[in-house]
Amino acid sequence: MHVIFEEDGHFKAGSILSETEATAQVEAASGKRSKVKAAAILLRFAAPAPEDVMGAAEKLAEELDADFLWEAAGNEEFGFEQLAGEYYGHAPTPAESVALLQKLHASPIHFHKKGKGRYRPAPPETLAAAKAGLEKKRIAAERQAHLAHELAAFRLPPEYTSLIPRILIAPDKNTLEYKALEDAAAATGLSPLRLAERCGAIPSTLDFHLMSFLLEHFPRGTGFAPVTEPLDPPELPSSRVRAFSMDDEATTEIDDALSVAWRDDGSVRVGIHIAAPALGIAPGSELDRVARERLSTVYFPGDKITMLPEALIHHYTLGEAHDCPALSLYVDVAPDLRVLGTETRLEMVHIADNLRHETLETEFNAETLRNPEVADYPYRRELEWLHDFAAVLEAGRGKRDTVERVDYSFKVDGEHISIAPRKRGSPIDKVVSELMIFANAHWGGWLAEKRVPGIYRAQANGKTRMTTAPDPHVGLGVDQYAWSTSPLRRYVDLVNQRQLISLVRGEDPVYPPRSEALFSVVREFELAYDAYNDFQRRLERYWVLRWLIQENVSEVVASVIREDLVRFDALPMVTRAPSVAGLAPGTRVRLAVSNIDLLDISFHAEYLETVPDSTATVP
């Protein structure tokens, strides 16, 4: 006796070797033996051989039409042998029964399986919907194949114009456009990114990098939704000082300004004046939610994305010739430059001048400092005194004789890039940085002393972190450091300013002890700030490569940092150069630059020769 049985969703044939009421030992034509449950046996027959039945059934099944069978089956549940008899008009042969069984099983939209060898025709509306779905899938498959074919031929279908770079950075993998891109990438042996490039989908590598960043961090765009106007500052007492700021010419968010008041006894009162946007941004307001979502201004060569809307910046930036609300820290300094005392006030401060680095550095620099042959310039007396005071503050932190480092300024004019070195630690830098460090450390200590929660930046063992505890910042040499001097540009500073204002006013703090809001700001700010800084570094690296191409530079001089890591002498670039491995740290080398790839922001640096220290560092 032979049988047809179902196993793992497939129909198989074999001969019975032994049988009980519950199971049968069945041998297939290949000789493989299986233990088959009685409930899985669908058909028994004596002849012909099982393999002959299956071969004939496959040919007969090809001739069967599912639509015709559906019409012939009626509306009621049926067994496959029953329908086979009606279809063929006689007692069906084993091959005919199996052929019809296979067709029923292969037509799930026409027939719903109800049990052992039994089926029920699908309702007409269900069948119609299923057929429509199949047709839709067929059309989609054809479209996917067409798109894949076009991409593999390096032709960009119009559908992809609006999808770049989303489909490469954060794709919806269920779309047929993505599936077609994957198919074409597999066919060409290219990555989806490189395939898109070959198809001309990335005409501007700069736009691609910008759009990729915005897609991840500003998915709704960089513009601001309409929000209510910022609150006007309350009535504040007016200060008698005339303050001045020092920023580069592109700065619009002027957070800080300084003032110097000379006293008859030889002492000096220094004013550190910080813009006070916390007066115009109520906690939980629409403006606050905007700032909380962005957390920081994003800087990159040629542009920036501000944390706050222009209207609020205009209200609270320390603009020239305006009386501006400010949180002021006054420092009383003895003739010998000792700090005698401090006082924090909330007041209106007159900003007499916005000094710009581009002009100020030509007058106030290391060469002109206290040089009697240099003609006077605005605020010379104040700036030179502030420089002396800053040096005392720096020494007080234990940071005298720090290693000089070079910063670089990037200026993008259309497609042209200029990169200029700027030595860190210039007189302007020292004055501003030391006074801001003093303010952040002092205000952080004041918050801690009054047990008012704040957000601190701490450093130990070379690792920097944000925390709500007033821990030391070893790198700066201070007992605590609470960012508070850039509230127009960093949300952390805005939060700390709210706490400081509550202290000045003698009110309960906006954020009470163990505030979950503070903890969440710390978590979110660190992630956002790291991402923004990483983007800035990537774009700076990109523009360095653009500069090398622009200036047709193929060789540079660099210094070995360690192992195969090198730093270019006159450009802000640190990279790997495996061919310098084995040279001592500090060794200066000439490198050949090749294979610049602006999409990957990568290049190859190859060792050419070791150069003497006296060699000029200009590439």
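Which residues in helix 7 are buried? That is a good place to start with this predicted model.

## Helix 7 and what packs on it

The buried set in helix 7 is made up of Leu 176, Glu 177, Tyr 178, Ala 180, Leu 181, Ala 184 and Ala 185. If you want to know what sits on top of them, the cover includes helix 5 (124-152), helix 6 (166-169) and helix 8 (192-198).

The length works out too. Helix 7 runs over residues 176-188, so its 13 residues at 1.5 Å each should span 18 Å, and the end C-alpha atoms are indeed 18 Å apart. Right after helix 7 comes Gly 189, with a positive phi near 75 degrees.

## Helix 1, a two-sided case

Helix 1 covers residues 50-63, and its 14 residues should span 20 Å at 1.5 Å a residue; the end C-alpha atoms are 21 Å apart, which agrees. Its buried residues are Pro 50, Val 53, Met 54, Ala 57 and Ala 61. These cover an arc of only 95 degrees around the axis, so they fall on the same side of helix 1. The background is simple: an α-helix has 3.6 residues a turn, so residues three or four places apart point the same way.

Flip to the other side of helix 1 and you find Lys 59, Glu 62 and Glu 63, which are exposed. As for the buried residues, the elements covering them include strand 1 (2-7), strand 2 (10-19), strand 5 (41-45) and helix 4 (94-105).

## Aromatic pairs

There are 16 aromatic pairs in the structure. One of them joins Phe 68 and Tyr 87, edge-to-face, with the centres 6.0 Å apart and 70 degrees between the planes. This pair links distant parts of the chain, since Phe 68 belongs to helix 2 (residues 66-73) and Tyr 87 to helix 3 (residues 80-88), 19 residues apart. Neither ring is fully tucked away: Phe 68 has a relative accessible area of 45%, so it counts as partly exposed, and Tyr 87 is partly exposed as well, at 32%.

Now for a stacked pair. The ring centres of Phe 525 and Tyr 529 are 4.9 Å apart with the planes at 20 degrees, and under 30 degrees is what counts as stacked, so that is the label here. Both residues lie in helix 16 (residues 516-550), four residues apart, or about one turn of the helix. Phe 525 and Tyr 529 are both buried.

## A cluster, and two charges over rings

Some of the rings group together: Phe 213, Phe 218, Phe 300, Tyr 532 and Phe 535 make up one aromatic cluster.

Two arginines also deserve a look. Arg 198 places its charged end over the ring of Phe 154, 3.8 Å from the ring centre. Arg 294 does likewise with Phe 224, where the charged end is 3.9 Å from the centre of the ring.

## Two buried residues with polar contacts

How about His 110: where is it placed? His 110 is in the loop between helix 4 and strand 7 (111-115). With a relative accessible area of 8%, His 110 falls under the 20% cut-off and is therefore buried. Its side chain makes a polar contact of 2.6 Å with the side chain of Asp 67. Setting aside residues up to four places away in sequence, His 110 touches Ala 66, Asp 67, Trp 70, Arg 120, Pro 121, Ala 122, Leu 127 and Lys 131. Pro 121 is eleven residues along the chain from His 110, and their C-alpha atoms are separated by 5.9 Å.

Arg 588 sits in strand 23 (residues 588-597). Its relative accessibility is 7%, so Arg 588 counts as buried. The side chains of Arg 588 and Asp 569 are joined by a polar contact of 2.8 Å.

## Phe 410 in strand 16

Phe 410 is part of strand 16 (residues 406-413), and its relative accessible area of 14% makes it buried. Leaving out neighbours within four places in sequence, the contacts of Phe 410 are Pro 301, Ile 417, Ser 418, Ile 419, Glu 540, Trp 543, Val 544 and Pro 572.

For a sense of scale, take Phe 410 and Glu 71: the two are 339 residues apart along the chain, and 76 Å separates their C-alpha atoms.

How values were computed
Residues are numbered from 1 along each chain as its sequence is written. This is a predicted model: local features need pLDDT of at least 70, side-chain atom pairs count only at pLDDT 80 or more; totals for chains, interfaces and linings use all residues. Side-chain values use heavy atoms; hydrogens and water are left out. Rings of Phe, Tyr and Trp (its six-membered ring) pair if their centres lie within 6.5 Å; planes under 30 degrees apart count as stacked, over 60 as edge-to-face and the rest as tilted. Helices (H or I, at least four residues) and strands (E, at least two) are DSSP runs, numbered from the N terminus. Buried means under 20% relative accessible area, exposed over 50%, partly exposed in between (1.4 Å probe, protein chains only). A charge sits over a ring if NZ of Lys or CZ of Arg is within 6 Å of the ring centre and within 35 degrees of the ring normal. The expected span of a helix is 1.5 Å times one less than its number of residues. The arc is that of the directions from the helix axis to the C-beta atoms. Contact means heavy atoms within 4.5 Å. A polar contact is a pair of N or O atoms within 3.5 Å; within protein, one must be able to donate a hydrogen and the other to accept it, and residues adjacent in sequence count only if both atoms are side-chain atoms.
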